[in-house]
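Reader: I have the model open and want to go through it with you. Can we start with the helix that interests me, then move on?

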Amino acid sequence: MDAAEDPAPSPDAILQLGLGFWGSKVLLSAVELGLHTHLAETGPLPALVLGTQLGLHPRGLYDFLDALVALGMLRRDAAGRYGNTPATNAFLVRGRPGYVGGLLEMANLRLYPFWDRLTTALRTGRPQNEAADGRPDPFSAIYADPAALQAFLAGMTGVSRPVARAIADAFPFADRRCVADIGCAQGGCLAELLRAHPHLTGIGFDLPAVRPVFEAFAAGQGLAGRARFVAGNFFADPLPAADVLVMGHVLHDWDLDQKLALLRKAHAALPPGGALLVYDAMIDDARREHAFGLLMSLNMLIETPGGFDYTGADCRRWMAEAGFAETRLLPLPGSHSLAIGIR
Ligand SMILES: C[S@@+](CC[C@H](N)C(=O)[O-])C[C@H]1O[C@@H](n2cnc3c(N)ncnc32)[C@H](O)[C@@H]1O
């Protein structure tokens with residue numbers, strides 16, 4: 001029964017959604033403070049000890065920590081000590097392989113203030129991030145600030161790693177030799193594919209500013225000998241030769257003509273039988289259910305001049321238009337989908 005048919009509608013869901021930013025910001029501040037990383041080092045602590053160690057005023061301390069308990073982001077034991085949950089221990093402790101806090105750090109630093117201007121973006125159709133001064137390429141704005149660059153690239157690893165693990169299982173890599181990740185960021189996806197398939201070699205292709213971050217990450221993952229970086233602009237330069245190309249969270253950054261140009265370029269760069277793997281938080285074909293994909297698309301409104309997210313059916317149609325002989329779609333974890341195009 002939808003809300004219109006409900007004889008006694010309640011405002012609860014409306015208020016919960018409208019004030020949803022309260023809970024979101026509590027978690028983002030916890031990540032900013034390194035709360036979960038600290039607790040992984042110390043073990044469970046009483047509130048006042050934890051507050052002193054993190055430099056927090058006692059006034060909001062118990063509400064902050066207990067709100068995190070109520071939101072499932074901390075545990076409090078019978079002695080009143082606060083500690084990590086199994087999930088925050090796995091995914092919010094900096095330096096651990098599952099760390100997704102990079103994305104949340106970037107969300108706290110950049111997206112949280114920019115989303116304050118959503119209404120302006122809806123009225124103007126213009127980005128509301130660092131590029132609001134009219135710079136055409138959103139990445140040049142982020143990449144001008146080394147801290148923003150590092151936070152952005154590490155943030156992408158946080159989102160893409162679990163997705164990449166699923167792609168490593170879902171796609172038959174056994175008869176492929178080389179994977180090139182186009183717009184690879186730090187290389188989080190490539191690292192997962194190479195780790196899962198030791199016979200593969202990898203190429204990370206991205207803008208020149210990304211090279212040192214990619215190379216340091218690959219070395220840290222023990223992949224320096226198997227993954228090399230190729231610097232380039234995917235609109236202007238040739239794509240590297242490989243039998244599998246990956247474009248993750250790339251197409252949604254660009255307008256339709258640019259999306260089609262990238263798909264045509266990928267098709268031209270692949271050998272016959274070569275595969276293009278596209279992953280994004282794709283929207284359900286009826287555009288009714290997958291709120292995350294639709295919100296991601298609004299994030300692209302705020303972040304880019306022409307970017308938007310799309311349905312799996314859109315992606316397969318564009319792949320076919322670009323010349324791919326065979327296309328299929330697979331669901332992935334984290335509200336993502338994988339579109340596969342075979343040349
Ligand atoms: C949203 S991130 C996606 C990163 C990664 N594929 C993932 O899914 O985690 C988009 C990437 O495209 C890269 N990029 C943007 N414009 C580019 C261009 N013109 N040529 C090459 N790479 C570009 C950015 O530097 C960034 O690493």
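**A buried helix and its surroundings**

Author: The buried residues of α11 are Gly188, Cys189, Leu190, Ala191, Glu192, Leu193 and Leu194. Bear in mind that this is a predicted model.

Reader: So is α11 largely enclosed or not, and why?

Author: It is largely enclosed by the rest of the structure, because seven of the nine residues of α11 are buried.

Reader: What covers those buried residues of α11?

Author: The cover includes the helices α10 and α12 (211–220), along with β4, β5 (201–206), β6 (227–231) and β7 (244–248).

Reader: Take Leu194. What is it in contact with, away from its sequence neighbours?

Author: Leaving aside residues within four places in sequence, leucine 194 is in contact with Leu200, Gly202, Leu223, Arg226 and Ala227. Leucine 194 counts as buried because it has 24 C-beta neighbours inside 10 Å, and the cut-off is 20 or more.

Reader: And how far is Leu194 from Ala218 in space?

Author: The C-alpha atoms of leucine 194 and alanine 218 are 11 Å apart, with their positions 24 residues apart in sequence.

Reader: Switching to the ligand. Which residues are the closest?

Author: Met156, Ser160, Gly183, Ala185 and Gly248 are the closest, out of 18 residues that surround the ligand. By class, that shell has 10 nonpolar, six polar and two charged residues.

Reader: Which helices supply at least two residues each to the shell?

Author: α10 (146–170) and α11 each do.

Reader: Ala185 is on your closest list. Where is it found?

Author: Alanine 185 is in the loop between β4 (178–182) and α11 (188–196). Its phi is near 55°, which is a positive value in a residue other than glycine.

Reader: Buried or exposed?

Author: Alanine 185 is buried, because it has 27 C-beta neighbours inside 10 Å.

Reader: Which other non-glycine has a positive phi?

Author: Arginine 287, with a phi of about 50°. It is found in the loop between β8 (275–280) and α14 (291–303). Arginine 287 counts as exposed, because it has 12 C-beta neighbours inside 10 Å and 12 or fewer is the cut-off.

Reader: Now the core. Which members of the largest nonpolar core touch the most others?

Author: Ile182, Leu245, Met247, Leu276 and Leu277, in a core of 85 residues. The largest share of this core, nine residues, comes from α10. The core draws at least three residues from each of domain 1 (12–91) and domain 2 (108–146 + 159–342).

Reader: What does Met247 touch?

Author: Apart from residues up to four places away in sequence, methionine 247 touches Ile182, Gly183, Leu262, Ala266, Leu276 and Val278. Of these, Ile182 and Leu276 are also named among the core members that touch the most others.

Reader: How many Å separate the centres of the two domains?

Author: The centres of domain 1 and domain 2 are separated by 33 Å, taken over C-alpha atoms.

Reader: Anything on Ala242? Which loop does it lie in?

Author: Alanine 242 lies in the loop between β6 and β7. It is buried, with 24 other C-beta atoms within 10 Å. Not counting residues up to four places away in sequence, alanine 242 touches Cys178, Val179, Ala180 and Ile203. Its C-alpha atom is 7.9 Å from that of alanine 269, 27 residues apart along the chain.

Reader: Back towards the N terminus. Which helix holds Ala67?

Author: Alanine 67 lies in helix α5 (residues 58–70). It counts as partly exposed, with 17 C-beta neighbours inside 10 Å. The C-alpha atoms of alanine 67 and valine 26 are separated by 7.8 Å, although the two are 41 residues apart along the chain.

Reader: And Leu33, where is that found?

Author: Leucine 33 is found in helix α2 (residues 20–33). It is partly exposed, with 14 other C-beta atoms within 10 Å. Between the C-alpha atoms of leucine 33 and arginine 211 there are 29 Å, and the pair is 178 residues apart along the chain.

Reader: Last one. What is the mean pLDDT of the chain?

Author: The mean is 93, and 96% of the residues reach 70 or more. For the complex, the predictor gives an ipTM of 0.99 and a pTM of 0.91. Where pLDDT is low, the predicted coordinates should not be read in detail.

Definitions and conventions. Residues are numbered from 1 along each chain as its sequence is written. This is a predicted model: local features need pLDDT of at least 70, side-chain atom pairs count only at pLDDT 80 or more; totals for chains, interfaces and linings use all residues. Helices (H or I, at least four residues) and strands (E, at least two) are DSSP runs, numbered from the N terminus. Domain bounds come from an automatic or database domain assignment. A residue is near a molecule or strand if its C-beta atom, placed from the backbone, lies within 6 Å of it. Ala, Val, Leu, Ile, Met, Phe, Trp, Tyr, Cys and Pro count as nonpolar, Asp, Glu, Lys and Arg as charged, and the others, Gly among them, as polar. Two residues are in contact if their C-beta atoms, placed from the backbone, lie within 7 Å. pLDDT is the predictor's confidence in each residue, from 0 to 100. A nonpolar core is a set of buried Ala, Val, Leu, Ile, Met, Phe, Trp, Tyr and Cys residues joined through C-beta atoms within 7 Å.
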